[in-house]
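Let's walk through how this fold is put together, strand by strand. Have the 3D view open as you read.

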Amino acid sequence: MSKLNYSGTFHMVEQENMDSYLAALDINFALRKIVCLLRPSKEIAHDPATGTMKIRTLTTFKNFMMDFTIGEEFTEDLGPVDGRTCQTTVSWEGDNLICVQRGEKEGRGWTHWLEGDKLHLEMRVQGIVAKQVFKKAV
């Protein structure tokens with residue numbers, strides 16, 4: 001079965017429960033308030049043939065880069081987010097990308113999926129769920 005190609009540039013249009021998610025990651029109050037005001041963009045380069053993916057999350061405050069091969073575990077440096085490292089695996093579940101981040105925080109990970117021109121992101125940690133929706137740039 002051929003997998004979707006996630007490549008493109010996407011701009012955030014919706015966000016919910018981000019403050020609670022960041023609090024569960026032990027992000028301090030002031031930084032949480034700043035992060036919740038940001039409107040990030042995502043630049044995704046995905047090669048479905050090889051499974052390689054590069055996700056760039058870009059803001060006016062701080063950028064985060066993630067390069068990986070789908071299905072292969074790697075050590076992820078989450079220093080720009082919360083100062084931690086974890087063992088991360090991103091895999092397919094149908095057409096959804098499921099990320100499991102094993103480390104200091106239980107139940108940490110995310111899911112990406114596409115619906116039309118929208119990229120959905122659900123982030124999880126310790127039972128807290130935050131959601132973001134991005135619209136593909138034309």
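## The sheet and its pairings

What we have in this predicted model is an open sheet of 10 strands, paired antiparallel and laid out in the order S4-S3-S2-S1-S10-S9-S8-S7-S6-S5. Look at the two ends of that order: strand S4 (64–69) and strand S5 (74–78) are the edges, and each has a single partner strand, so one side of each goes without a neighbour in the sheet. Going from one strand to the next, the twist averages 25°.

Now for some of the individual pairings. Here are three of them, each with one residue pair to pick out in the viewer.

| Strand pair | Sense | Bridges | Residue pair |
|---|---|---|---|
| S1 (residues 8–16) and S2 (residues 41–47) | antiparallel | 4 bridges | Phe10 and Lys42 |
| S2 and S3 (residues 52–58) | antiparallel | 7 bridges | Ile44 and Ile55 |
| S3 (residues 52–58) and S4 | antiparallel | 6 bridges | Met53 and Phe68 |

Take S2 to begin with. On one side, S2 joins S1 through 4 bridges, and Lys42 is the bridge partner of Phe10 there. S2 also pairs with S3, over 7 bridges, where Ile44 stands opposite Ile55.

Which residue takes a positive phi in the hairpin of S2 and S3? That would be Gly51, with a phi near 80°, in a hairpin that has 4 residues between the strands.

From S3 it's on to the edge: S3 and S4 run antiparallel over 6 bridges, and Met53 has Phe68 of S4 as its bridge partner. S3 is thus covered by the S4 pairing just described and by the S2 pairing above.

Conventions: Residues are numbered from 1 along each chain as its sequence is written. This is a predicted model: local features need pLDDT of at least 70, side-chain atom pairs count only at pLDDT 80 or more; totals for chains, interfaces and linings use all residues. Side-chain values use heavy atoms; hydrogens and water are left out. Two strands pair if DSSP finds at least two bridges between them. Axes are lines fitted to C-alpha atoms, for helices over the stretch in contact, and angles run from 0 to 180 degrees between N-to-C directions.
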